Amino acid sequence: MTLALPLAYSIGDPAGIGPEMAAAAWAVRHTESLPPFFVIGSARVIEEAARRRGLDVPVCAVKAPDEVADCFADALPVLDLADLDYTPGEPDDAGASLALTALGVATGLVRSGAAAALVTGPIAKSRLARVGFDFPGQTEFVADACGIAPENAVMMLAGPSLRVVPITVHVALRDVPELLTIELIRNRAAITAAALVRDFGIVRPRLAVAGLNPHAGEDGRMGSEEAEIVAPAVVLLQAAGIAVSGPLPPDTMFHAEARERYDVAICMYHDQALIPLKALDFDQGVNVTLGLPIIRTSPDHGTAFGIAGTDTARVGPTIAALRMAGECAARRTLV
Ligand SMILES: NC(=O)C1=CN([C@@H]2O[C@H](COP(=O)(O)OP(=O)(O)OC[C@H]3O[C@@H](n4cnc5c(N)ncnc54)[C@H](O)[C@@H]3O)[C@@H](O)[C@H]2O)C=CC1
Ligand SMILES: NCC(=O)COP(=O)(O)O
């Protein structure tokens, strides 16, 4: 499947590993058969990040996505928004502002149909909050830009071994039981099922829904959320014709044989989902937002300020995010 349009990669925090991951991915574009992409951010930051990594990555300045195809084979196309001076591992407000502006511009280009899909470099949410970012994460920012309510934008992490969806995401653990409702689980699971069909080509996706408590509540001895919230949601999903099992004991649903029985694990909170995903697939994990009118992916890792500029960050998740964005976008253009 080939794309008529390039992917838009927002640079993320310049002091993190986002810029060097873009350069490193471009360097393996041929061996990895990556779809054409361009960076929205700063040519100077990309050049400096590549140099620190010891990569020979020429940059070509583009003014619009339709210029990308002409130069991608020989240079990394960059839509240059700022001539920024930065230090790896030392985030500052100027870098956070660039990350936020780049995210907005990249999202707008994809929404307008000028780019095929959005791949977001990692940001530090707390750093962006200092410069006016008023969302829990990029997921909600992109959803808002697309006119989608936050509850209808579903975070899925996907790797070769596992797909997971956290029903509640960036909230304190103590708030999770109150936030979980039958409707939230039903809605997010249904969006997940539809997206696995539409964007991932899984004809009849199998969903496995985790319980919240140890042993999925052990018949009420260790919590009542399974009987009162999770099980009724599963019944509604089954009535809608979706292949769903659960509530399952969370500790035994991620071993290799158990994973054969489902296409995605619907989890009750962030770490219940992301710990198994990152334990199994950290180096190829992709964060993808389901339920949007556009395709948005991101590598599963964060800014990794501690290793930025040291040539130790692995590029696998960025390659996987670019590849998945291209494949999902191509699937949408087929229908
Ligand atoms: N998509 C996004 O924008 C995401 C952003 N974040 C943000 O990133 C910041 C840092 O979060 P952390 O929890 O420290 O997670 P992190 O993923 O940045 O780092 C966790 C650990 O993994 C290592 N690591 C990360 N990426 C790696 C790579 N490609 N190769 C080798 N090692 C790698 C880091 O050095 C660190 O030891 C936070 O502000 C968080 O909000 C976190 C996850 C996703
Ligand atoms: N833990 C996942 C994460 O932090 C990514 O969030 P988002 O910025 O993609 O919403």
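Two strands pair if DSSP finds at least two bridges between them. Helices (H or I, at least four residues) and strands (E, at least two) are DSSP runs, numbered from the N terminus. With these terms in hand, select Val209 and then Ile266: Val209 stands opposite Ile266, which belongs to strand E10.

The structure on display is a predicted model, in which local features need pLDDT of at least 70 and side-chain atom pairs count only at pLDDT 80 or more, while totals for chains, interfaces and linings use all residues. Residues are numbered from 1 along each chain as its sequence is written, and chains are lettered from A and ligands numbered from 1 in the order in which they are written.

**Stop one: strands E8, E9 and E10**

Select E10 at residues 264–267; E8 pairs with E10 in the parallel sense through 3 bridges. Next select E9, which is joined to E8 by 4 bridges, again in the parallel sense. Within that pairing, Ala210 faces Leu248 of E9. Add H9 to the selection: E8, H9 and E9 form a right-handed β-α-β unit. A crossover is right-handed if, with the strands pointing away from the viewer, the path from the first strand over the helix to the second runs clockwise.

A residue is buried if 20 or more other C-beta atoms lie within 10 Å of its own, exposed if 12 or fewer, and partly exposed in between, with C-beta atoms placed from the backbone. By this criterion E8 is mostly covered, with 4 of its 5 residues buried.

Remain on E9 and select Pro247, which lies in this strand, residues 243–248. The peptide bond leading from Gly246 to Pro247 is cis, and its omega is near 0°.

**Stop two: the loop between E8 and H9**

Move to the loop that links strand E8 (206–210) to helix H9 (225–239), where His215 is found. Although His215 is not a glycine, its phi is positive, at about 60°. His215 is partly exposed because 15 other C-beta atoms lie within 10 Å. Glu218 lies in the loop between E8 and H9 as well, and Glu218 has a positive phi of about 45° without being a glycine. Its 13 C-beta neighbours inside 10 Å are why Glu218 counts as partly exposed.

**Stop three: strands E1, E2, E4 and E5**

Select E1, residues 7–10: Leu7 and Tyr9 point one way, Ala8 and Ser10 point the other way, and all are buried. E1 pairs in the parallel sense with E2, residues 37–41, over 4 bridges. From E1 the chain passes through helix H1 (residues 18–27) to E2, in a right-handed β-α-β crossover. Two contacts across this pairing can be picked out. Ala8 has Phe38 of E2 as its bridge partner, and Tyr9 stands opposite Val39 in E2.

Is E2 buried or exposed on its two faces? Both faces are covered, since the residues Phe37, Val39 and Gly41 on one side and Phe38 and Ile40 on the other are all buried.

Extend the selection to E4, residues 76–80, which pairs with E2 in the parallel sense over 3 bridges; there Asp80 is the bridge partner of Gly41. Then select E5, residues 118–120, which runs parallel to E1 and is joined to E1 by 3 bridges. In E5, Val119 is the bridge partner of Tyr9.

**Stop four: the nonpolar core**

A nonpolar core is a set of buried Ala, Val, Leu, Ile, Met, Phe, Trp, Tyr and Cys residues joined through C-beta atoms within 7 Å. The largest such core has 112 residues, and those with the most contacts inside it are Ile46, Ala117, Val164, Ala265 and Ile266. Helix H4, residues 93–111, gives the most to this core, with 9 residues. At least three residues of the core come from each of domain 1 (1–148 + 293–335) and domain 2 (154–291), the domain bounds being taken from an automatic or database domain assignment.

**Stop five: the ligands**

For the shells below, a residue is near a molecule if its C-beta atom, placed from the backbone, lies within 6 Å of it. Around ligand 1 there are 18 residues, the closest being Pro122, Ala124, His301, Gly302 and Ala304. Ligand 2 is surrounded by Gly137, Gln138, Thr139, Leu274, Asn287 and Ser298.

**Last stop: Ala308**

Finally, select Ala308 in the loop between strand E12 (296–299) and helix H12 (316–334). Ala308 counts as buried because it has 26 C-beta neighbours inside 10 Å. The C-alpha atoms of Ala308 and Ala190 are separated by 38 Å, with the two positions 118 residues apart along the chain.
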